[in-house]
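This briefing introduces the arrangement of strands, a helix and a ligand site for a reader new to protein structure. Please keep the sequence and the 3D view at hand while reading.

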Amino acid sequence: MRTSYRSLVYASVTLSNLSTNMTRKTSLIILTRNEIAGLRNLISSIPTESVSECFAVDYQSHDGTVELFRKHHIRVVPQTKPGRGEAFRIAAREARGDYLIFFSPDGNEDPRDIPKLIQYLDQGYDMAIASRFMKGSKNEEDDQTIKLRAWANQGFTLLANIFFRGHLTDSINGYRALTRNAFKRLHVNAEGFAIEYQMSIRALKLRMKIAEFPTRESPRIGGASTAYAIPTGLKVLGIFLNELRMGNNF
Ligand SMILES: Nc1nc2c(ncn2[C@@H]2O[C@H](COP(=O)(O)OP(=O)(O)OP(=O)(O)O)[C@@H](O)[C@H]2O)c(=O)[nH]1
Ligand SMILES: [Mg+2]
């Protein structure tokens, strides 16, 4: 009797998860700024058929990126002010889904991680991050002796964990997904490459449920990065100090 009651509860929990998952809508957002080489390589691996909608937010690409999206029937939302911060906010305004999944096709990110990001949100997490710095991960600098970018990233994550009580391994990676509701609650206003760090810190402040899983970062396929080390580092540091100062008033 007791066992069957338990299995009934289990069945109803499973069913309610299932019905939530079946009704939730997923928006896959591709972020680009002159990313033709990577995009050409990856476009057919992006699982557009397993999401509710897929669109690109593009900052003034002039290398054929936009034309390639159109050829593959992927809607392009043009961005007039530069920076990933701006791109994330445009994406959230445009998206119709309950989940926002951000993917950058420069070669660093493996499209096979997209279903994993969705899975964590299905399990009730507010945000899921593909981590380059946990057991089973690989980051671009793993084979180098001097790992300046990795150390800087890990240093900023350590600061976030100490000051905002977290257990994150990669607070900066842009390869992530979050619920639309979580995104709204974060009120992120950071510019450029500091946006992800601000999202992570604010999610910690609000005690959101954050999942991380190991990812394997590959080298950039072509083109050029616009994340220049020193200005990006300074911007991220500025965000840390600002978040420290403002507490939960955002
Ligand atoms: N929509 C949009 N996308 C951007 C913008 N700036 C960069 N991106 C895209 O964001 C992704 C990451 O940019 P990168 O310059 O490679 O930055 P990163 O991956 O942090 O830096 P690396 O480690 O050097 O590769 C790429 O897909 C870019 O095309 C922007 O202003 N708007
Ligand atoms: Mg990159």
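Sorted by class, the residues that form the shell around ligand 1 are eight nonpolar, seven polar and six charged. The model described here is a predicted one. The points below begin with this ligand shell and then turn to the strands and to one helix.

**The shell around ligand 1**

- Ligand 1 is surrounded by 21 residues.
- The closest of these residues are Tyr59, Ala87, Ser104, Ser225 and Ala227.
- At least two residues of the shell come from each of β1, β2 (residues 53–59) and α4 (residues 84–94).
- Strand β2 supplies the largest share of the shell, namely three residues.

**Strand β4 and its two partners**

- Strand β4 spans residues 99–103, and five of its five residues are buried, which leaves the strand mostly covered.
- The side chains of β4 point in two directions: Tyr99, Ile101 and Phe103 point one way, whereas Leu100 and Phe102 point the other way.
- Residues on both sides of β4 are buried.
- Strand β1 (residues 26–32) pairs with β4 in the parallel sense, over five bridges.
- Within β1, Thr26 stands opposite Tyr99 of β4.
- Strand β6 (residues 176–179) also pairs with β4, but in the antiparallel sense and over four bridges.
- In that pairing, Tyr99 of β4 stands opposite Thr179 of β6.
- Tyr99 therefore serves as a useful landmark for the reader, with Thr26 opposite it and Thr179 likewise opposite it.

**Strand β6 and strand β5**

- Arg176 and Leu178 point one way from β6, while Ala177 and Thr179 point the other way.
- These four residues, Arg176, Ala177, Leu178 and Thr179, are buried.
- Strand β5 (residues 127–131) runs antiparallel to β6, and three bridges join the two strands.
- Ala128 stands opposite Ala177 of β6.

**Helix α8**

- Why is helix α8 (residues 195–205) described as largely enclosed by the rest of the structure? The reason is that ten of its eleven residues are buried.
- The buried residues of α8 include the nonpolar Ile195, Tyr197, Met199, Ile201, Ala203 and Leu204.
- Glu196 and Arg202, which count as charged, are buried in α8 as well.
- Gln198 and Ser200 are also among the buried residues of this helix.
- Just after α8, Arg207 takes a positive phi of about 55°.

Key
Residues are numbered from 1 along each chain as its sequence is written. Chains are lettered from A and ligands numbered from 1 in the order in which they are written. This is a predicted model: local features need pLDDT of at least 70, side-chain atom pairs count only at pLDDT 80 or more; totals for chains, interfaces and linings use all residues. A residue is buried if 20 or more other C-beta atoms lie within 10 Å of its own, exposed if 12 or fewer, and partly exposed in between; C-beta atoms are placed from the backbone. Two strands pair if DSSP finds at least two bridges between them. A residue is near a molecule or strand if its C-beta atom, placed from the backbone, lies within 6 Å of it.
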